[in-house]
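This report looks at strand pairing, burial and internal space in one protein chain. Please keep the sequence and the structure at hand while reading.

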Amino acid sequence: MTLKRTARTLALLAVAVATAAGCAPGGLPAGGGGTGPVGTPTSSPPVRSSASPSLPPATTPPRATTPATAPATAPVTSTPPGTATSSAPAAGACGRAAGTAPTTRITDVPLGSQVVSFGPQGDTDPLPTAITAAPGGGSWLAWLSPDSQVHLGRLDCDDHLVGATTTVAGVDLQDIRADAQGVVVLLTRPGPQGNGTLCGGTSSPTRAMWMVRFDNAGRQVWERQVTNLSASLGGYDPGALFVWWYNHHGTLAFDGANYAAYFEAAITVANGGCVDIHEGDRMQVVNATTGALVPGHDSFAWGCSHAWDSHITWDSRTGHFAMVCATDNNCRIARPGTGQTVASGACDGTLFGGDLVLAGAQGYWTAWSNGGQARLEHFAAGASDHTVVTADRTEHSHLVAYGPARMLLTWRSGSATAAQVYDSTTGAAVGAPFTIAAADHTYVEAKDYPDGSVAFPAVGATGSSVRIVRVMPLR
């Protein structure tokens, strides 16, 4: 049993003795959270008993469907390392040819700087890289270097790095999303520690979660903290909402005017003469133009507790951000805004959530696993109304839209990645599973592109490169 699974199992056993009524949107944490050692990889922190805290107000610190036949093993082509000899693609310049079966192009991209190791893949380990589609068909690529700098560059239609890169301070990379005016990076930075004393456990650095906005030339436009640390509120002060050693991955979504950040966080509560720190998740919305926090828009200060594998998407059909989390609160996949259960799991330390995509007609699909068996769940307003048991026998899956009528599920298969196409309306498998000759990473997400392709970064040929894996469009 891995350290990560052991820690999660112990935590779930601890939670099982506590009373848990549901996710707690915008209110109280629905479960305890304990202090813990620095850097211990776990998804559900140990529980320390304490009275239910009152959540403080947030503060703003300065500053679809024709089946296609897929071969059992799709062709994989490797592209030589790219060179920065061309400019980023103009609007509409890319238009990758669609085929009758999935084909994969893998491009090794020299970065010009080191990238943190792809090896550690616990939910508290740094995320090495993230990618997103850019208008016009190219991409923005972000990677984290060992010197706590996040690097940002543009990829052309062939997934080669082009032009100058930009660097911004950040101890952990979370996600990246782009629009016609530029790109937003979600990252963490050091924050003030505060004056409180932990009731138990080992002290660990306190950090803040930030959105940083750049224009298309790579110039920083604004930055906004989406936790609530400030000069007068440190991480160990009651009322702090921040990033601790607890699992803290985050993801971004864009509604056309605002960016939403949904991420796992920590909250500090007084317990007599000391403080306890609990774990849950949080969603905040920021205006893309001004960088100002935007109230409403489905945001909340505190959602699922405890939480891991928190995912978000924008649904233009309903005009809302949709979210799901994995939580040890009754061990389930849940919706943080309502507390509704999407799918019920078992408290055995193997509950993991996957990504969230729009269904072809209405509602959503999410991937999740329990006991090493991955499933797809379709849901709309409430609980799942359709379950697909997949061929995935590992713990972690990635689900991404694959053109207007399909979705792509990927998962680790030894040193490669296995994949299966599904109909995004019915959930039916399209063609046979196929293999991608690149290693999967537990927390590096695949992203969809307007031309119907899908891309994700993978470990590179050297410590200063990444491989861009692109699954080409289907007809």
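The model is predicted. Alanine 419 has phenylalanine 434 as its bridge partner in strand 26. Strand 25, covering residues 416–423, is joined to strand 26 by five bridges, and the two run antiparallel.

These two strands belong to an open sheet of four strands, ordered 23-24-25-26, with antiparallel pairing. Strand 23 (397–401) and strand 26 (429–436) are at the edges with a single partner strand each, so one side of each has no neighbour in the sheet. On average, neighbouring strands of this sheet are turned by 20 degrees against each other, direction ignored. In a regular strand, side chains alternate between the two faces of the sheet.

A further antiparallel pair is formed by strand 2 and strand 29 (residues 465–471), over seven bridges. Isoleucine 106 has valine 469 as its bridge partner in strand 29. Of the seven residues of strand 2 (residues 104–110), six are buried, so this strand is largely enclosed by the rest of the structure.

Is glutamate 279 buried or exposed? Its relative accessible area is 0%, which is under the 20% limit, so glutamate 279 counts as buried. Glutamate 279 lies in strand 14, residues 274–287. The side chain of glutamate 279 makes a polar contact of 3.1 Å with the side chain of asparagine 247.

The empty spaces come next. Rolling a probe the size of a water molecule over the atoms shows where such space is left. The table lists the volumes and the classes of the lining residues.

| Space | Volume | Nonpolar | Polar | Charged |
|---|---|---|---|---|
| Largest cavity | about 270 Å³ | four residues | 12 residues | six residues |
| Second largest cavity | about 50 Å³ | four residues | four residues | two residues |
| Largest pocket | about 820 Å³ | 21 residues | seven residues | six residues |
| Second largest pocket | about 320 Å³ | eight residues | six residues | four residues |

The largest cavity holds about 270 Å³ of space. Its lining has 22 residues, and His311, Asp355, Thr442, Tyr443 and Glu445 are the closest to its centre. Among the elements that give two or more residues to this lining are strand 3 (129–133), strand 7 (172–179), strand 12 (250–254), strand 15 (307–315) and strand 19 (352–358). Strand 23, an edge strand of the open sheet, is also one of the elements that do so.

Which residues line the second largest cavity? They are His398, Thr410, Thr417, Asp440, His441, Val444, Glu445, Ala446, Phe456 and Pro457.

The largest pocket has a volume of about 820 Å³. Of its 34 lining residues, Arg177, Thr313, Trp314, Ala401 and Asp448 are the closest to the centre. Two or more lining residues each come from strand 3, strand 7, strand 12, strand 15, strand 19, strand 23, strand 24 (406–413) and strand 27 (447–448). The lining of this pocket includes 21 nonpolar residues.

The second largest pocket contains about 320 Å³ of space. His320, Phe321, Ala322, Arg335 and Tyr364 are the closest to its centre among the 18 residues of its lining. Strand 16 (residues 320–327) gives the largest share of this lining, four residues.

Notes. Residues numbered from 1 in each chain as written. Predicted model: local features only at pLDDT ≥ 70, side-chain atom pairs only at ≥ 80, totals over all residues. Heavy atoms only, no water. Pairing = 2+ DSSP bridges. Axes fitted to C-alpha atoms, helices over the stretch in contact; angles between N-to-C directions. Buried < 20%, exposed > 50% of the residue type's maximum accessible area, 1.4 Å probe, protein only. Polar contact = N/O pair within 3.5 Å; in protein donor to acceptor, adjacent residues only side chain to side chain. 1 Å grid on protein atoms, 1.4 Å probe; cavity = no way out; pocket = protein on both sides within 12 Å on 5 of 7 lines; lining within 4 Å. Points joined across faces, edges and corners; volume = space filled by probe spheres on them. Nonpolar A, V, L, I, M, F, W, Y, C, P; charged D, E, K, R; others polar.
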